[in-house]
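Please open the structure in your viewer and keep the selection panel at hand. The tour below goes from one selection to the next and says what is found at each stop.

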Amino acid sequence: MARFIIRRTLYALVTLLILSLTIFMVIRLTGDPVTLLAEPGAHAEDLDRIRAEWGLDRSWPVQYLTFAKNVFTGDLGKSFNYDMPVSTLYFQRLPNSLELALAATLISFLIGIPAGLISAVKVNSVWDNTGKVIALFGLAVPGFWLGLVMILVFSVWLGWLPTSGQGSWQHLIMPAVALGWYFAASLLRLTRSSMLEVLRSEYIKLARLKGLPGYVVIAVHAFKNALIPVLTLAGVNLVVMINAAVIIEVIFAWPGIGRLLYEGIFQRDFPLVQGVVMEAGIMIVVINLTIDILYAYIDPRIRLTR
Amino acid sequence: MAPLLEVRDLQTHYVTFGGTRVVKAVEGLSFTLREGETLGIVGESGSGKTTVCQSIVGLLPAAACIVGGSIAFEGRDLAQLSQREMRHIRGAQIAMILQDPMASLNPLFSIYRQVAEPAYYHLAVRGRSLRERVRELLNAVRIPSPTMRMREYPHQMSGGMRQRIVGAIALAGGPKLIIADEPTTNLDVTIQAQYLDLLKELQEQTGVAIVFVTHNLGIVARMCDKLAVMYAGKIVEAGSVRELFDTARHPYTQALLGSMPKLGSKEKLLAIPGQPPDLATLPPGCAFHPRCPEALPCCATEEPGETQIAGTWTARCWRAAPGAAATDLPKEAHVAAAVGN
Amino acid sequence: MAYVTEQTRAALAAASPGWAGLRRRWLRFAGQLPVVPLAILVPFVLVAVFANAIAPFDPTDPIPGAKIFAPPFWAEGANPTARLGTDFQGRDVLSRLIFGARVSLIVGVMGTVVAGGIGTTLGILAGYLGGWVDQVIMRITDAWLALPALVFAIFLATMVGPSMWNIIVILGAVYWTRYARVIRGEVLSLREREFVKLSEIAGASSARVILRHVLPNVLNSAMVLASLTIGVVIIAEASLSFLGVGVPPPEPAWGSMLADGRSMLMVGDWWLTVFPGLCIMMVVLATQLLGDWLRIRLDPQLRNL
């Protein structure tokens with residue numbers, strides 16, 4: 001077990017190393033960051049001053065080591081525009097993003113899991129075909145467009161819900177649906193395929209051979225097993241929703257991390273963009289590592305096979 | 001006394017590709033089994049053995065359907081029962097041990113729960129007495145320190161232990177019949193032998209009847225009273241194990257026995273030439289004739305009926321039919337076979 | 001030795017599906033094409049190709065003398081020449097949609113080609129060469145996967161600057177990881193197959209084995225993945241354009257049209273939002289259906305992707 005954790009943690013560290021190196025290289029290779037930082041038409045001496053201030057006058061390896069050391073110690077640089085550390089800004093926005101992501105996860109559960117379950121149990125029936133159509137539209141209808149159409153219908157035409165902002169559940173419902181939409185479809189697909197696989201297994205055959213009532217076979221024996229990959233996906237999805245709900249947060253003026261990133265893009269605040277991206281990467285790597293280790297505790301077969 | 005299980009003329013067909021292809025997996029199969037008896041069903045893969053088992057327990061794949069015949073179990077025809085009624089038979093009256101013991105246990109439930117379920121749902125045993133029953137069952141299948149072991153999960157057990165637990169599950173509902181579908185294929189030889197001894201011992205204690213499906217004649221010799229040899233969905237020869245092992249009449253049974261390794265024998269093993277037939281496109285006449293070393297001209301045109309050889313010993317072969325010395329007597333032999341039936 | 005090689009060659013010719021096998025498989029189902037997805041996709045492709053001839057107006061210039069925010073032709077106050085209305089500069093929405101199809105399809109297809117090219121190459125190298133090459137490639141794949149694709153694309157687009165070709169390269173660089181993983185897995189099992197082993201024993205170079213035996217046998221999976229990636233790439237392009245880091249204005253892209261229409265949504269100018277979104281939905285729906293069809297035809301094992 002200890003060896004498993006150590007190996008996984010090492011992988012996670014290597015992943016973060018490559019990630020930080022990638023981000024670092026992209027910034028250095030795509031032009032002089034100083035021109036991003038300075039006002040247009042700045043003097044040469046101003047540029048030099050900024051270079052010195054950001055350590056950009058040193059060699060690349062030295063710069064990278066500084067960057068990596070800062071990341072490692074939790075220092076993701078300072079936002080140009082807010083004049084505040086990026087990590088402070090990130091964690092200020094985190095609760096808002098979390099609220100939205102949890103609501104979206106709830107919606108994706110409410111749609112995806114029951115629909116996937118029914119599709120799998122009544123495979124090739126009308127129910128299954130309905131599920132397939134939902135899954136298809138979930139992938140084909142962009143969430144942000146769904147959000148715009150919902151604003152049009154429920155806010156502008158019907159006047160039922162506020163167009164944007166944060167506060168009550170009425171504010172939450174449209175962004176949560178728009179964000180959860182795609183994930184509902186992917187949960188549906190996964191629940192269905194995972195359930196179908198479990199239903200074909202020998203232990204479900206044995207459960208039926210024991211003469212258990214049908215609902216016990218499906219809802220207890222099969223569902224519990226089918227749920228494992230589904231919950232893994234939901235965990236990863238939650239982290240993605242927290243960090244990647246850029247457009248939805250922009251459309252609904254939701255003050256989350258995605259909107260912070262958007263502000264960074266528009267104010268050419270490159271330390272902010274870089275920091276938010278790095279923070280998102282760290283968060284996802286850490287959550288993945290946690291899930292892996294939790295699973296190894298729950299189900300020791302994983303430890304043995306990997 | 002009426003037999004425990006009496007299968008009469010069972011026909012189970014698979015309908016695939018929207019009804020364009022019918023596979024007669026089991027076609028006109030009959031056998032009887034008395035309480036405490038052990039029947040071995042032997043045949044190559046694809047001969048319909050597994051379909052027979054699935055028909056009896058009422059868990060056929062969606063594409064398959066019992067289209068004729070009856071399965072009388074204690075006087076009730078299982079083929080006519082609804083799924084709901086069958087549910088009360090499965091696990092309580094008839095239990096089944098599956099081919100793959102390693103995959104037969106649910107990885108997320110404790111051994112206790114999995115062994116307890118049949119008794120919980122069929123015998124309405126609860127609480128402390130349920131706990132006691134599981135302990136007894138695990139004891140019976142020789143799981144050491146059952147009180148501790150029943151709190152554990154399948155992955156903590158060895159293959160042999162898991163197979164014994166599957167046996168305990170089969171016994172848990174107090175069945176009168178256990179169907180074992182190649183229960184030892186995935187075990188190594190020593191554990192296999194131990195397991196068979198255990199089954200035999202449990203059978204003596206509980207008086208349960210067993211249908212043993214296998215392609216291993218060695219297991220049949222060790223375990224069974226009666227033997228039915230299946231080929232292409234039919235029983236081609238059936239009788240007591242002693243009769244068939246001594247003087248099998250059907251060339252296919254003879255070939256199977258010839259392909260069985262004997263300890264200390266230097267005789268060359270005889271492989272059966274050719275492939276088992278495709279059930280969707282059976283050859284005319286006797287299904288075995290293309291591979292049969294002793295085929296007569298009539299074998300290719302007319303299917304042999306069932307001939308009674310002695311007592312319960314029957315065979316479906318022109319060679320075994322009365323007057324078989326003559327080379328071409330299909331009509332007459334057919335009548336004789338029908339009478340013998 | 002020469003004898004062995006001759007014999008091995010013969011065995012190989014008989015056993016390896018190779019290029020000829022691939023062609024045979026493709027021809028076999030050419031006769032039973034999927035009707036619905038093609039019925040949607042073919043018109044879109046034709047419109048994109050012949051945009052210059054079909055579009056009634058220049059997509060980047062306002063219609064001279066036309067009102068801004070004119071509704072579609074059936075509504076009151078419509079401009080009879082601008083069938084689907086005009087936008088905030090008085091440009092024809094229909095013409096912009098038509099040219100937008102060109103942008104979406106080019107980015108979708110080219111982005112997928114870039115992603116597939118990078119991913120398939122790296123997947124084959126990792127799977128076939130194994131060892132440290134495999135380790136390096138798979139660790140990079142992990143790192144790439146750690147970032148949500150859209151966030152990564154936004155980051156790259158912000159840094160590189162907007163242009164259609166930049167977007168193609170960026171989306172290719174973001175979406176190759178899935179190919180690398182799947183293809184690597186396939187190659188690992190291919191490597192154990194007879195015809196690859198025989199070829200190696202016969203002394204064929206790695207490059208030869210990869211080109212003759214590995215590549216044709218993973219192309220089916222790559223095709224299935226590609227058909228499923230196109231839709232994702234199209235939506236990603238629309239998202240980037242919506243955020244203003246995609247295809248730069250005044251170039252007509254469906255995503256930026258949605259962004260333009262957003263401010264007028266509050267006063268009910270629905271046509272600016274509904275039409276581009278419907279176009280995205282139809283194209284992505286069709287590519288998904290096509291992908292499902294291909295997947296069932298070519299590779300039943302990939303069903304759960």
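## A tour through chains B and A

Start by selecting Glu182(B), which sits in the loop that links strand S7 to helix H8 (189–206) of chain B. Bear in mind throughout that the model is a predicted one. Is Glu182(B) buried or exposed? Glu182(B) counts as buried, because 20 C-beta neighbours lie inside 10 Å and a residue needs 20 or more of them to be called buried. Now show what surrounds this residue: apart from neighbours within four places in sequence, Glu182(B) is in contact with Gln99(B), Val213(B) and Thr214(B). If you also select Val7(B), 175 residues away along the chain, you will find its C-alpha atom separated by 20 Å from that of Glu182(B).

Next, select strand S7 (residues 177–181) of chain B together with strand S8 (residues 209–214) of chain B; the two run parallel and are joined by 5 bridges. To find one residue pair in this pairing, pick Leu177(B), whose bridge partner in S8(B) is Ala209(B).

Widen the selection to the whole sheet of chain B, which is open and is formed by 8 strands in the order S6-S7-S8-S3-S9-S10-S12-S11, with mixed pairing. Strand S6 (94–97) and strand S11 (307–310) of chain B stand at its edges, and each has a single partner strand, so one side of each is left without a neighbour in the sheet. On average, neighbouring strands here are turned by 20 degrees against each other when direction is ignored.

With the sheet still displayed, add helix H1 (residues 49–57) of chain B, which lies across S3, S6, S7, S8 and S9 of that chain and runs at about 150 degrees to S7(B). Then add helix H11 (residues 251–258) of chain B, where the buried residues are Pro251(B), Tyr252(B), Thr253(B) and Leu256(B). Among the elements of chain B that cover these residues are the strands S3, S9 and S10 and the helices H9 (217–223) and H10 (241–247).

Finally, move to chain A and select helix H9 (residues 202–209), which is mostly covered, with 6 of its 8 residues buried. Which residues of H9(A) are buried? They are Tyr203(A), Lys205(A), Leu206(A), Ala207(A), Arg208(A) and Leu209(A). Their cover includes helix H10 (214–244) of chain A and, from chain B, H1, S6 and helix H3 (101–104). As a last stop, select Gly211(A), which follows H9(A) and has a positive phi, near 80 degrees.

Note on methods
Residues numbered from 1 in each chain as written. Chains lettered and ligands numbered in written order. Predicted model: local features only at pLDDT ≥ 70, side-chain atom pairs only at ≥ 80, totals over all residues. Pairing = 2+ DSSP bridges. Helix = DSSP H or I, 4+ residues; strand = E, 2+ residues; numbered from the N terminus. Axes fitted to C-alpha atoms, helices over the stretch in contact; angles between N-to-C directions. Contact = placed C-beta atoms within 7 Å. Buried ≥ 20, exposed ≤ 12 C-beta atoms within 10 Å, placed from the backbone.
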